[in-house]
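Here are my notes on the model you sent over, as numbered points. Have the viewer open while you read.

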Amino acid sequence: MEILWMLIVGGIIGWLAGLITGRDVPGGIIGNIIAGFIGSWLGGLILGIWGPVVGGFAIIPAIIGAIILVLIVSFVLRKMGQKNNHGHHAK
C-alpha cells in the first residue's frame with residue numbers, strides 16, 4: 001500500500017509542476033509520476049528536506065524540483081524538435 005501512496009503523491013507532484021509551468025509532462029500519468037519522483041530527488045538535493053512530508057516526499061522541495069525538471073525537459077524537447085525540423089521553429 002505504501003508504494004501505491006508514493007506513486008499517487010509522485011504523480012500529483014508531477015501534475016502540479018506541469019500545471020504551474022503551463023507545460024504538459026510527456027508520458028501522461030507515468031510521466032507525471034516519474035517527474036514527481038525525480039523532482040523530489042532534485043528538490044531534496046538543491047533545497048534539502050523540510051516542510052510537510054507526505055508519502056515519503058518533502059512536498060515543497062519536491063514540487064520546486066519537479067518544476068525545474070519539467071522546464072529542463074520541455075526546453076530539451078523543444079531544442080530536439082527544432083533539430084528534427086531542419087531549422088524550422090516547432091510550435
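**Notes on the model**

1. Starting with a detail: in Ser-74, a polar atom of the side chain sits 3.1 Å from the backbone oxygen of Leu-71. Keep in mind that this is a predicted model. Ser-74 belongs to helix α3, and its side chain also makes a polar contact of 3.0 Å with the side chain of Arg-23. The relative accessibility of Ser-74 is 17%, so this residue counts as buried; the cut-off for buried is under 20%. For a long-range reference, Ser-74 and Gly-39 are 35 residues apart along the chain, and their C-alpha atoms are separated by 14 Å.

2. Now the overall layout. The chain has 3 helices and 2 strands, and reading along the sequence gives the pattern α-α-β-β-α. If you want a bounding box, the C-alpha atoms fill roughly 45 × 25 × 15 Å along the principal axes. The chain has 91 residues, of which 35% are buried. Take the contacts between residues at least 6 apart in sequence: 54% of them join residues at least 24 apart.

3. On to helix packing. Two packed helices are described by the angle between their axes and the distance between the axes. For α1 and α2, the angle is about 90 degrees and the axes are 6 Å apart. That angle falls in the 65 to 115 range, so α1 is roughly perpendicular to α2. On the α1 side the contact uses Met-6, Leu-7, Gly-10, Gly-11, Ile-13, Gly-14 and Trp-15, and on the α2 side Asn-32, Ile-33, Ala-35, Gly-36 and Phe-37. By residue class, the contact of α1 with α2 splits into 7 nonpolar, 5 polar and no charged. Glycine is counted as polar in this scheme, which is worth remembering when you read that split.

4. What about α1 and α3? Helix α1 (residues 2-21) and helix α3 (residues 59-84) have axes that come within 8 Å and cross at roughly 55 degrees. The two helices are therefore oblique to each other, and α1 passes α3 in a right-handed crossing. From α1, the residues involved are Val-9, Ile-13, Leu-16, Ala-17, Gly-18, Ile-20 and Thr-21; they meet Ile-59, Ala-62, Ile-63, Ala-66, Ile-67, Val-70 and Leu-71 of α3. The contact of α1 with α3 comes out as 12 nonpolar, 2 polar and no charged.

5. Is Thr-21 of α1 buried or exposed? Thr-21 counts as buried, because its relative accessibility is 16%. Its side chain reaches the backbone oxygen of Ala-17 at 2.9 Å. With neighbours within four places in sequence set aside, Thr-21 is in contact with Ile-67, Val-70 and Leu-71. Those three residues also appear on the α3 side of the contact with α1.

6. Two residues of α2 deserve a look. Ser-40 is in this helix and, at 17% relative accessibility, counts as buried. Which residues does Ser-40 touch, not counting those up to four places away in sequence? Phe-57 and Ala-62. Gly-44 is also placed in α2 (residues 28-47), and with a relative accessibility of 19% it counts as buried. The threshold is under 20%, so I'd read that label together with the value itself. Leaving out residues up to four places away in sequence, Gly-44 touches Ile-49 and Pro-61. From Gly-44 to Val-73 the separation is 29 residues in sequence and 19 Å in space, C-alpha to C-alpha.

7. Last one, back in α1. Leu-4 is found in this helix and is partly exposed, with a relative accessible area of 44%. How far apart in space are the C-alpha atoms of Leu-4 and Gly-55? They are separated by 9.3 Å, while the two residues are 51 apart along the chain.

Note on methods:
Residues numbered from 1 in each chain as written. Predicted model: local features only at pLDDT ≥ 70, side-chain atom pairs only at ≥ 80, totals over all residues. Heavy atoms only, no water. Axes fitted to C-alpha atoms, helices over the stretch in contact; angles between N-to-C directions. Helix = DSSP H or I, 4+ residues; strand = E, 2+ residues; numbered from the N terminus. Parallel < 35°, antiparallel > 145°, perpendicular 65-115°, else oblique. Left-handed = near helix turned anticlockwise from the far one by under 90°. Contact = heavy atoms within 4.5 Å. Buried < 20%, exposed > 50% of the residue type's maximum accessible area, 1.4 Å probe, protein only. Polar contact = N/O pair within 3.5 Å; in protein donor to acceptor, adjacent residues only side chain to side chain.
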